[in-house]
Amino acid sequence: MAIFPQTRAQTSAPYSAAVRLPSLRHIGPNWYATVMGTAIVAGAGAALPVHVPGLRAACTVVWALSAVLLAAVLAARAGHWFAHRDQARAHLLDPAVAPFYGCLSMALLAVGGSTMTVGRDVIGHRAALAADVVLYTAGTAIGLAAAVAIPYLMVVRHRPAPGTASPVWLLPVVAPMVSAALGPLLVPELPSGQLREGMLLACYAMFGLSLLATLVMLPLIFARLVHQGPLPLVLTPTLFLVLGPLGQSTTAVGQLADVAPGAIGAQYASALGAFAVLYGVPVMGFALLWLALAASMVVRAVRGGMTFAMTWWGFTFPVGTCVTGAAGLARHTGLTAFTWLAVALYVLLVTAWAVTGLRTLRGLFSGALLAAPQAPQPVTVRTT
């Protein structure tokens, strides 16, 4: 992927970083969504409770692509901060852009998790573990910081007007839920006793942190839809972001219940196993309800003239979390229905990823995605 297109050298003016890297000015933190959406294809494929010939090899290729994407986007974002600090500061003070800083955390976590589940086939368990420890530690620290800093900026500096809540607001607070869902991969690697139990309970603490913050924001988002009408066309795909905390929390309780017997007392491990089902089934039901609502709104937006934008990456990672959530429920309940639900959602995920990825490449090579963003289009209201 050509993140750094070549530019002609200028000899009549000082050779500044801004001249060398003009295309980086409008590469915002939302570009980390490409990494998240790619890594989840690999991770969710590995989690499927069915055997599909060739799927593991395909997931390995996608994992490698996500690692390359992570390196490329990190480099591009570093260049953005170096060459265009004014724009970077403006992003932090923009209520529409600042929440995307949560994507950095989730990109690191998603690649780290897929490295442990898929990448170890290529680089070995020891190297995969080392990579995941680094990425998980950095992703969790950044996620916890974003979960505090972005809401703080919203209150102190952004001051969004009433009725302007957006699903994008969920991005900073859902990042700790990703840590809670992927932390169980590291629990068995720790020495038994205090460290292993502490890691398990820390994941549950991040689960609660993210869940309660989500429950605060969801009513604001739905109230905005009911009182203000549909989102602008370009933002309609962000409705799928609501699936993120739903699917990821279901994944988290399932994964944590899997490793609980080796980390905590038997009585608590048994209760946590029951909680994985008692929590996961109702939340998955609500996720399917929201999926139907969001899909209906997307169909309406397409009929109204919605065109491709980077917001289409919202179709990928949130759906992937529902795949892993359904796979966990299939594992804990033994119900075939959850197995086929996971398969159906994975087909949807791969389709959305392929379409969005191709459209992103087209926009990147044409330069359209590197240009200054345009104002959102209003929704066309049909009277017949």
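**Figure 1. Gly 119 in helix H5 of the predicted model.** Gly 119 belongs to helix H5. Its relative accessibility is 0%, so Gly 119 counts as buried. Beyond the neighbours within four places in sequence, Gly 119 is in contact with Trp 63, Ser 114 and Gly 124. Met 217 gives a long-range reference point: Gly 119 and Met 217 are 98 residues apart in sequence, and their C-alpha atoms lie 35 Å apart.

**Figure 2. Met 106, a buried residue of helix H5.** Helix H5 covers residues 102–123, and Met 106 is found in this helix. Met 106 has 1% relative accessibility; the cut-off for buried is under 20%, so Met 106 counts as buried. Setting aside residues up to four places away in sequence, Met 106 touches Met 36, Leu 171, Val 174, Ala 175, Val 178 and Phe 317. Val 122 sits 16 residues from Met 106 along the chain. The C-alpha atoms of this pair are separated by 23 Å.

**Figure 3. The largest nonpolar core.** The core holds 121 residues. Those that touch the most other members are Trp 31, Met 106, Tyr 136, Leu 200, Phe 240, Leu 243 and Tyr 346. Helix H10 (residues 266–303) gives the most to this core, with 12 residues. For Leu 243, the contacts with residues further than four places away in sequence are Gln 248, Ala 287, Trp 290, Leu 291, Pro 318, Val 319, Thr 321 and Cys 322.

**Figure 4. Helix H7, a covered helix.** H7 is mostly covered, with 13 of its 13 residues buried. What span should the 13 residues of H7 have at 1.5 Å a residue? The expected value is 18 Å; the end C-alpha atoms of H7 are 19 Å apart, which agrees.

**Figure 5. Helix H11 and the glycine just after it.** H11 runs over residues 317–333. Its 17 residues should span 24 Å at 1.5 Å a residue, and its end C-alpha atoms are 24 Å apart, which agrees. Of these 17 residues, 14 are buried, so the helix is mostly covered. Gly 334 comes just after H11 and takes a positive phi of about 75°.

**Figure 6. Thr 321 in helix H11.** Thr 321 has its place in helix H11. Is Thr 321 buried or exposed? At 0% relative accessibility, Thr 321 counts as buried. Not counting residues up to four places away in sequence, Thr 321 touches Ile 40, Leu 243, Gly 244, Gly 247, Gln 248 and Thr 251. The contact with Leu 243 also appears in the list for Leu 243, which includes Thr 321.

**Figure 7. The second largest pocket and its lining.** The volume of this pocket is about 620 Å³. It is lined by 31 residues. Gly 43, Ala 47, Thr 117, Leu 185 and Gln 255 are the closest to its centre. Helix H2 (32–47), H5, helix H7 (170–182), helix H9 (243–259) and H11 each give two or more residues to the lining. By class, the lining of the second largest pocket has 16 nonpolar, 10 polar and 5 charged residues.

**Figure 8. Arg 157 and Arg 159, two exposed arginines.** Arg 157 has its place in helix H6. Its relative accessible area is 52%; exposed means over 50%, so Arg 157 is exposed. Leaving aside neighbours within four places in sequence, Arg 157 is in contact with Leu 93 and Tyr 152. Arg 157 and Leu 93 are 64 residues apart along the chain, with their C-alpha atoms separated by 6.9 Å. Arg 159 lies in the loop between helix H6 (125–158) and H7. Arg 159 is exposed too, with a relative accessible area of 61%. Although Arg 159 is not a glycine, it has a positive phi of about 45°.

**Figure 9. Thr 356 in helix H12.** Helix H12 spans residues 336–366, and Thr 356 is found there. Thr 356 counts as buried, at 1% relative accessibility. Which residues does Thr 356 touch, not counting those up to four places away in sequence? They are Phe 308, Trp 312, Trp 313 and Phe 315. Thr 311 is 45 residues from Thr 356 along the chain. The C-alpha atoms of Thr 356 and Thr 311 are separated by 9.5 Å.

Conventions:
Residues numbered from 1 in each chain as written. Predicted model: local features only at pLDDT ≥ 70, side-chain atom pairs only at ≥ 80, totals over all residues. Heavy atoms only, no water. Helix = DSSP H or I, 4+ residues; strand = E, 2+ residues; numbered from the N terminus. Buried < 20%, exposed > 50% of the residue type's maximum accessible area, 1.4 Å probe, protein only. Contact = heavy atoms within 4.5 Å. Expected span 1.5 Å × (residues − 1). 1 Å grid on protein atoms, 1.4 Å probe; cavity = no way out; pocket = protein on both sides within 12 Å on 5 of 7 lines; lining within 4 Å. Points joined across faces, edges and corners; volume = space filled by probe spheres on them. Nonpolar A, V, L, I, M, F, W, Y, C, P; charged D, E, K, R; others polar. Core = buried A, V, L, I, M, F, W, Y, C linked by side-chain atoms within 4.5 Å.
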